[in-house]
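Me: I am new to reading protein models. Can you take me through one, feature by feature?

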Amino acid sequence: MITEKDIEQYLVKQAQKGTDWQIRKAQWVGHNHCPDRLIMTPDITVWVEVKAPGKEPRAGQEREHTRMRRAGQIVVSVSTKDEVDQLISEIKDAKSK
């Protein structure tokens, strides 16, 4: 059974593979529902919520993601290795534009 931790470890490994990207574990101080990871490239910064396969962000997480998007942040949720691969591909495509 694949867990959220497995997906998160895969995300970090794939994001670091052959790149100079910075990947950070994120946590708010005194506030809840921070996305799990922050991926920073010279061209784009993406907040990533990692979930176990078949799971969706909780209501509080969705509200926080909406607030962050209103502030101009890119926030995505991934729950499978295929979604991670798609995200990494999209980030690389954004970099080449």
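Reply: Start with strand pairing. Two strands pair if DSSP finds at least two bridges between them. Keep in mind that this model is predicted.

Me: In which sense do β1 and β2 pair, and over how many bridges?

Reply: Strand β1 covers residues 22-25 and strand β2 covers residues 37-40. They pair in the antiparallel sense, over four bridges. For one facing position, look at K25: R37 in β2 stands opposite.

Me: What joins β2 to β3?

Reply: Four bridges join them, and the two strands run antiparallel. Strand β3 spans residues 45-50. Here I39 stands opposite V46 in β3.

Me: How many residues lie between β2 and β3 in their hairpin?

Reply: Four residues lie between these two strands.

Me: Now the backbone angles. What is the sign of phi in most residues other than glycine?

Reply: Most of them have a negative phi. H33 has a positive value, near 75 degrees, and is not a glycine. Find H33 in the loop between β1 and β2.

Me: Why does H33 count as partly exposed?

Reply: Use the cut-offs. Buried means under 20% relative accessible area, exposed means over 50%, and partly exposed is in between. H33 has 27% relative accessibility, so it counts as partly exposed.

Me: Is K55 buried or exposed?

Reply: K55 is exposed, because its relative accessible area is 52% and the cut-off for exposed is over 50%. K55 is found in the loop between β3 and α2.

Me: How far apart are K55 and V78 in sequence and in space?

Reply: Count along the chain, then compare the C-alpha atoms. K55 and V78 are 23 residues apart in sequence. In space they are 9.3 Å apart, C-alpha to C-alpha.

Me: Next, charge on the surface. Which residues form the positive patch?

Reply: For a patch, residues need over 30% relative accessible area and no salt bridge, and like charges are joined within 9 Å. The positive surface patch is formed by K13, K17, K81 and K92. K81 is found in helix α3, residues 81-96. With a relative accessible area of 38%, K81 is partly exposed.

Me: Which residues form the negative patch?

Reply: E56, E62, D82, E83 and D85 form the negative surface patch.

Me: Which element gives the most to the negative patch?

Reply: Helix α3 does, with three residues. E62 has its place in helix α2. At 34% relative accessibility, E62 counts as partly exposed.

Definitions and conventions. Residues are numbered from 1 along each chain as its sequence is written. This is a predicted model: local features need pLDDT of at least 70, side-chain atom pairs count only at pLDDT 80 or more; totals for chains, interfaces and linings use all residues. Side-chain values use heavy atoms; hydrogens and water are left out. Patches are made of residues with over 30% relative accessible area and no salt bridge: like charges are joined within 9 Å, nonpolar side chains (Val, Leu, Ile, Met, Phe, Trp, Tyr) within 5 Å. Accessible areas come from the Shrake-Rupley method with a 1.4 Å probe; for residues, only the protein chains shown count as cover. A salt bridge is a side-chain nitrogen of Lys or Arg within 4 Å of a carboxyl oxygen of Asp or Glu. Lys and Arg count as positive and Asp and Glu as negative; His and the chain ends are not counted. The place of a charge is taken as NZ of Lys, CZ of Arg, CG of Asp or CD of Glu. Buried means under 20% relative accessible area, exposed over 50%, partly exposed in between (1.4 Å probe, protein chains only).
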